[in-house]
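Please open the model in your viewer and keep the sequence panel visible beside it. The stops below proceed from one selection to the next.

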Amino acid sequence: MKQYIFIIILIIASYKCNSQSVETTLYIKEELVKQRDELLQQVRDIQKRIDSIDQKLGNKNSYKSDTQYLTKSVNYNNSLNSSTTKKKRNKPRTTRRYIRGSRGGCYYINSNGNKTYVDRSMCN
């Protein structure tokens with residue numbers, strides 16, 4: 001009987017700990033979203049100041065006025081499963097030059113200048 005009571009107490013304690021961690025996670029997310037919004041406002045203010053300086057100097061604006069400052073948008077729904085989406089950037093595909101090594105391995109030189117090994121069939 002004592003074992004069952006102990007197990008029930010452990011289950012209740014673990015449930016409370018889990019709910020507190022979810023609340024903590026939500027609080028941290030909310031704070032991060034607030035900080036992001038504050039930074040975005042600062043960016044907009046700085047851009048307005050740059051625009052006014054350019055206007056005084058007679059420079060033409062070479063950008064769109066509705067510049068997207070972030071490439072990542074976050075939907076915060078007061079839930080643990082908030083969705084995060086990233087905008088895709090179209091990168092031009094580069095053709096890789098595959099090289100066969102002295103022992104038969106196949107590799108290419110990556111952007112850092114290092115060898116990246118791939119399947120041997122790529123060198124055929």
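A residue is called buried under 20% relative accessible area, exposed over 50%, and partly exposed in between (1.4 Å probe, protein chains only). The model is predicted, so that local features need pLDDT of at least 70 and side-chain atom pairs count only at pLDDT 80 or more, while totals for chains, interfaces and linings use all residues. Residues are numbered from 1 along each chain as its sequence is written, and side-chain values use heavy atoms, with hydrogens and water left out.

**Stop 1: the salt bridges**

Begin by selecting R36 and D37, whose side chains form a salt bridge with an N to O distance of 3.0 Å. The term denotes a side-chain nitrogen of Lys or Arg within 4 Å of a carboxyl oxygen of Asp or Glu. R36 has a relative accessible area of 25% and is partly exposed; D37, at 37%, is also partly exposed. In total, the structure holds three salt bridges.

Next, select E30, E31 and K34, which salt bridges with shared partners join into one network. E30 meets K34 at 3.7 Å, N to O. The closest N and O atoms of K34 and E31 are likewise 3.7 Å apart.

Where do E30 and K34 lie? Both belong to helix 1 (residues 2–57), four residues apart, about one turn of the helix. E31 and K34, also both in helix 1, are three residues apart, again about one turn. Helices here are DSSP runs of H or I with at least four residues, strands are runs of E with at least two, and numbering starts from the N terminus.

Colouring by accessibility shows E30 as partly exposed at 30%. K34 is partly exposed at 42%, and E31 is partly exposed at 26%.

**Stop 2: the sheet**

Now select residues 99–100 and 106–109, which are strand 3 and strand 4; two bridges join these antiparallel strands. Two strands pair if DSSP finds at least two bridges between them. I99 has Y107 in strand 4 as its bridge partner. Five residues separate the two strands of this hairpin, and G104 in the turn has a positive phi of about 95 degrees.

Add residues 115–118, which form strand 5; strand 4 is joined to strand 5 by four bridges, and the two run antiparallel. Which residue in strand 5 stands opposite C106? The residue to select is V118. Strand 4 and strand 5 also form a hairpin with five residues between them, where G113 in the turn has a positive phi of about 85 degrees.

With the three strands displayed together, the result is an open sheet in the order 3-4-5, with antiparallel pairing. Strand 3 and strand 5 stand at the edges with a single partner strand each, so one side of each lacks a neighbour in the sheet.

**Stop 3: confidence**

Finally, colour the chain by pLDDT, the predictor's confidence in each residue, from 0 to 100. The protein chain averages 76, and 67% of the residues score at least 70. Over residues 79–83 the pLDDT is below 50; beyond near neighbours in sequence, this stretch has 12 contacts in the model, a contact being heavy atoms within 4.5 Å. Where pLDDT is low, the predicted coordinates should not be read in detail.
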